[in-house]
Each structure stands twice: as C-alpha cells, then as structure tokens.
Amino acid sequence: MWNTDQSGFDYEMRPGRILHLAGAKHVLAICQSENSMTHSYTVMMTISPGTRKFLPQLWITVQEDKGVFGSIVARTMFKADNLYVTALVSGKMTKKLYLVWCEKILFSHVEDRCILLADSWRTYSDQEAVLEFKPEELEYEMITIPPKVTGDIQPLDRLFFRMYKDFFRKISSSIILHSLPLQVHHRDVILKMHSLVYQQFQSPRFGDLVNQAWHLCGCTDESFDYVNPTEFSFPKKLTGHCDHENCDDRLLLKCGWCRAPLCFHHFYNQYHLCKIYLP
C-alpha cells in the first residue's frame with residue numbers, strides 16, 4: 001500500500017519566526033531573492049508502511065519560462081538517480097504529468113499488487129487514463145480520501161511532509177545564515193539538496209517515522225516510537241569536528257545513516273549520498 005501526495009516548496013524556504021524586540025513595528029529579515037519567496041515548485045512524495053518505505057525516485061516539477069528545459073539546461077543541470085525532474089511554466093502538477101508519474105515512478109517500481117491511497121484531487125479520479133499505463137500483470141486499486149479530511153487521514157500530510165520540510169529548511173537557512181556562496185533558490189542547488197535529503201530520510205533509523213504516520217491516520221494498529229530526523233541530524237549541541245581528516249569547518253549535521261558529523265562542504269559539496277548504516 002502506498003500514499004502519494006504533492007506539496008509546494010518555496011524556492012527560498014525560510015524560518016517562520018524572526019527574533020526582535022517586543023513591540024517593534026518594522027521587522028527586517030535577510031533573504032537572497034524576494035521573488036523566490038513567492039514562487040514555488042512541486043514535490044511528489046510516495047511512502048508505504050511496508051518493508052520498502054519509499055519509491056526509488058522523488059518526483060519534482062520546477063518552474064521554467066517555456067515549460068520545458070532548454071537544450072543547454074537539460075545537458076548541464078544537476079542530475080541524480082533518486083530524482084525525476086520535470087518542468088512547467090507554473091511549476092505545478094497537471095493531469096499529463098500525473099500520468100507520466102504513474103508510468104515512470106509508480107508502475108515501474110511496484111510488483112504484483114499496488115493499493116494507492118490519495119486525496120480527492122480531480123486528476124487522481126480519472127482512473128481510466130491511469131489504467132492505460134498499468135502493466136497487465138499488476139493488480140492495482142485506488143482508494144480516494146474524502147474531501148476536507150485529508151489532513152487527518154493522509155500519512156504524508158499528518159506527519160511526514162512537515163518533517164521533510166523542517167530538515168530541508170535547516171540546510172537552506174544555514175546557507176543564508178553563514179553567507180555561503182550558494183543561491184538557495186537556484187535550480188541545481190534545490191535539486192542537489194533534495195537528492196541528499198531524500199536519501200537521508202531513507203535511512204533505516206527513520207523507518208518508524210513512516211510507520212507512525214500511517215498509524216496516526218488509523219491505517220495501522222501498532223504505534224511506533226520514531227526518531228525525528230531533524231532532531232537527530234541537527235541536535236542543539238552538535239560539537240566536535242567534521243568526520244573528514246584535517247577539516248575544521250563548522251559542523252552542519254550528523255548523517256542519519258553513518259552518524260558522521262559533517263560540515264557543509266563535506267555533506268553538500270562532496271555530495272554525501274550515504275548508504276552505510278550504523279545503528
């Protein structure tokens with residue numbers, strides 16, 4: 001059984017709070033691009049309470065002026081095996097893209113039987129179009145969540161997306177806070193961060209987070225004590241040195257897979273796509 005949903009991400013994600021003196025009438029904040037704080041792209045996530053928690057690829061739809069990637073962009077943009085990136089003028093999902101998602105992401109990575117839990121978005125309801133892409137040998141069923149209760153009984157809305165965005169925002173905010181030479185709203189930066197964060201969330205350490213999301217929605221009976229990825233990777237007192245020899249840079253996080261403390265350079269620039277799990 002799988003739950004899928006889309007969520008909008010601002011091109012520049014910032015904390016929702018600003019520290020200032022009480023009673024201040026004019027509060028200023030730093031951002032890299034004011035325009036990027038009012039524009040968004042779409043992430044399509046899919047999770048399961050089974051042994052395999054995630055599909056191999058995370059779907060992302062970004063905004064492009066002509067709705068497609070130009071030849072130079074398509075050739076030079078950041079690419080990762082765990083991302084499937086598309087483009088539209090709006091940066092939002094459409095029925096056409098949803099059918100591509102069904103063919104390339106869902107049906108390509110499930111076997112035997114698939115039950116898909118999704119909200120009442122009109123595009124999801126056109127199952128006749130979806131079945132055209134379904135492999136003959138696959139048993140497929142769609143369960144629709146009724147309107148106005150999605151926040152209560154959809155696992156991704158109930159717990160997971162909030163955790164994922166918190167983690168992503170921590171990295172984005174660190175770039176701005178420490179004046180690192182990156183534009184957080186740049187396409188390649190966004191894609192690289194999603195590739196890294198998506199891999200972090202697939203650590204077995206955080207598997208019970210997915211299980212608990214399903215439990216809170218009443219889909220499973222057992223409750224789970226889960227590890228909060230943000231609290232684990234960004235503890236209040238992250239001390240010591242970067243795991244790489246002779247590196248004295250400020251620490252960014254602790255890897256959810258190997259537990260290594262890492263600076264921004266060795267996590268992001270060196271693309272720490274870890275798959276070595278240390279309990």
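**A six-stranded sheet and two nonpolar cores**

Let me begin with the sheet, which is open and built from 6 strands in the order E4-E3-E2-E1-E5-E6, with mixed pairing. Strand E4, residues 83-88, and strand E6, residues 139-144, stand at the edges, and because each has a single partner strand, one side of each is left without a neighbour in the sheet. From one strand to the next, the twist averages 25°. I should say at once that this is a predicted model, and that everything I describe this morning is to be taken in that light.

If we look at one pairing in detail, strand E3, residues 58-63, runs parallel to E4, and the two are joined by 6 bridges. One of the residues to find on your screens is Gln 63, whose bridge partner in E4 is Leu 88.

Now to the interior. Which residues of the largest nonpolar core touch the most other members? This core has 55 residues, and the ones in question are Tyr 41, Met 45, Phe 160, Tyr 164, Ile 171 and Phe 201. The elements that contribute two or more residues to this core are strand E2 (40-47), E3, E4, helix H5 (155-177), helix H6 (187-201), helix H7 (207-216), strand E7 (251-254) and helix H9 (264-269). Among these, H5 gives the most, with 11 residues. As a general remark, nonpolar side chains tend to be buried together in soluble globular proteins.

Met 45 deserves a moment of its own: leaving aside residues up to four places away in sequence, Met 45 touches Asn 3, Thr 4 and Asp 5, then Leu 58, and further along the chain Leu 156, Phe 160, Phe 161, Tyr 164 and Tyr 198. Apart from the largest core lies another, of 23 residues, and its members include Trp 101, Phe 107, Val 110 and Ala 118.

Let me finish with the protein as a whole, whose secondary structure comes to 9 helices and 8 strands. The radius of gyration is 20 Å, close to the 19 Å that the globule rule gives for 279 residues, and therefore the protein is as compact as a globular protein of that length. Taken along the principal axes, the box filled by the C-alpha atoms is roughly 55 × 45 × 45 Å. Of the 279 residues, 48% count as buried, while the accessible surface comes to about 15,000 Å², of which 50% belongs to carbon and sulfur atoms. Finally, among contacts between residues at least 6 apart in sequence, 70% join residues that are at least 24 apart.

Conventions: Residues are numbered from 1 along each chain as its sequence is written. This is a predicted model: local features need pLDDT of at least 70, side-chain atom pairs count only at pLDDT 80 or more; totals for chains, interfaces and linings use all residues. Side-chain values use heavy atoms; hydrogens and water are left out. Two strands pair if DSSP finds at least two bridges between them. Helices (H or I, at least four residues) and strands (E, at least two) are DSSP runs, numbered from the N terminus. Axes are lines fitted to C-alpha atoms, for helices over the stretch in contact, and angles run from 0 to 180 degrees between N-to-C directions. A nonpolar core is a set of buried Ala, Val, Leu, Ile, Met, Phe, Trp, Tyr and Cys residues joined through side-chain atoms within 4.5 Å. Buried means under 20% relative accessible area, exposed over 50%, partly exposed in between (1.4 Å probe, protein chains only). Contact means heavy atoms within 4.5 Å. The radius of gyration is taken over C-alpha atoms; the globule rule is 2.2 Å times the number of residues to the power 0.38. Accessible areas come from the Shrake-Rupley method with a 1.4 Å probe; for residues, only the protein chains shown count as cover.
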